[in-house]
Amino acid sequence: MKSVTVSGAIILRTNPASHQKEIFATQRGYGDYKDWWEIPGGKIEQGETPEECIVREIREELATEVKAEKVLGVVEYDYPAFHLTMHCILCTIVSGDLQLLEHESAKWLTAENLRTVNWLPADDLILDKIAMLLQGKNS
């Protein structure tokens, strides 16, 4: 089975109006999983660290500069056509306004509404850690 290694950006912010922690989720506009929701990111290129990858991918996909803070977790998942290894990296926005250059839609999600979208199966595996982060139960 083919293996694919990617980085996913868990872009965290505190909503200025509600003061709740939120993460940014994007909706796929293409492929077998069109319309499913995901943590934005992409494939790690040869010679690139997961952190370097996520900074590049968010710049390319969302026209935004992020800082890779830390790896929140690594997800392993077998899709029908390939094995996925996804480095889930906590990120903060340095500059930019998250323009959708490749995705169909996007939204900010809180701990309360985190599971209201149809997440990709691999992304679903990190949601418990994300929920804890949003609730302030880990740093």
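**Helix α1 and its surroundings in the predicted model**

Helix α1 is followed by A63, a residue whose phi is positive, near 50°. The structure described here is a predicted model, and the helix that ends ahead of A63 offers a convenient point of entry into it. Helix α1 spans residues 50-62 and thus comprises 13 residues, and the distance from its first C-alpha to its last is 17 Å, close to the 18 Å expected at 1.5 Å a residue. Its buried residues are P50, C53, I54, V55, R56, E57, I58, E61 and L62, a set that includes the charged side chains of R56, E57 and E61. In an α-helix there are 3.6 residues a turn, so residues three or four places apart point the same way. The buried residues of α1 pack against five strands, namely β1 (2-14), β2 (21-27), β4 (41-43), β5 (65-78) and β6 (82-95).

With regard to the overall architecture, the protein contains three helices and seven strands, which succeed one another along the sequence in the pattern β-β-β-β-α-β-β-β-α-α. The radius of gyration is 14 Å, close to the 14 Å that the globule rule gives for 139 residues, so the protein is as compact as a globular protein of that length. Taken along the principal axes, the box filled by the C-alpha atoms is roughly 45 × 30 × 30 Å. Of the 139 residues, 47% are buried, and among the contacts with a separation of 6 or more, 66% are made by residues 24 or more positions apart.

The accessible surface of the protein amounts to about 7100 Å², and carbon and sulfur atoms contribute 49% of this area. The protein carries 14 positive and 22 negative side chains, with the centres of the two sets lying 4 Å apart.

Several strand residues illustrate how the strands and helix α1 meet. In strand β1, A9 is buried, with a relative accessible area of 0%. Once its neighbours within four places in sequence are set aside, A9 is in contact with I39, P40, I54, I58, I89 and C91; of these partners, I54 and I58 belong to the buried residues of α1, while I89 and C91 fall within the range of β6 (82-95). The C-alpha atom of A9 is separated by 13 Å from that of W37, a residue 28 positions away along the chain.

Contacts to α1 are likewise made by A68, which is found in strand β5. Apart from neighbours within four places in sequence, A68 is in contact with E51, I54 and V55, as well as with I89, L90 and C91. The C-alpha atoms of A68 and L90 are separated by 6.2 Å, although the two residues are 22 residues apart along the chain. I54, I89 and C91 therefore appear among the contacts of A9 and also among those of A68, where contact means heavy atoms within 4.5 Å.

In strand β4, G42 counts as buried at 13% relative accessibility. Not counting residues up to four places away in sequence, G42 touches V6, S7, C53 and E57, of which C53 and E57 are buried residues of α1. Between the C-alpha atoms of G42 and I58, which lie 16 residues apart along the chain, the separation is 8.6 Å. H83, for its part, lies in strand β6 and has a relative accessible area of 19%, which places it in the buried class, given that buried means under 20%. Residues up to four places away in sequence being left out, H83 touches M1, K2, S3 and V4, together with E76, Y77 and D78.

Two loop residues remain to be described with respect to their backbone geometry. Most residues other than glycine have a negative phi. H19, which is found in the loop between β1 and β2, has a positive phi of about 65° although it is not a glycine, and at 61% relative accessibility this residue counts as exposed. D35, located in the loop between β2 and β3 (37-38), also has a positive phi without being a glycine, with a value near 80°; D35 is partly exposed, its relative accessible area being 34%.

Methods:
Residues numbered from 1 in each chain as written. Predicted model: local features only at pLDDT ≥ 70, side-chain atom pairs only at ≥ 80, totals over all residues. Heavy atoms only, no water. Helix = DSSP H or I, 4+ residues; strand = E, 2+ residues; numbered from the N terminus. Rg over C-alpha atoms; globule rule 2.2 N^0.38 Å. Buried < 20%, exposed > 50% of the residue type's maximum accessible area, 1.4 Å probe, protein only. Areas by Shrake-Rupley, 256 points an atom, 1.4 Å probe, with all protein chains shown as cover. Charge placed at Lys NZ, Arg CZ, Asp CG, Glu CD. Expected span 1.5 Å × (residues − 1).
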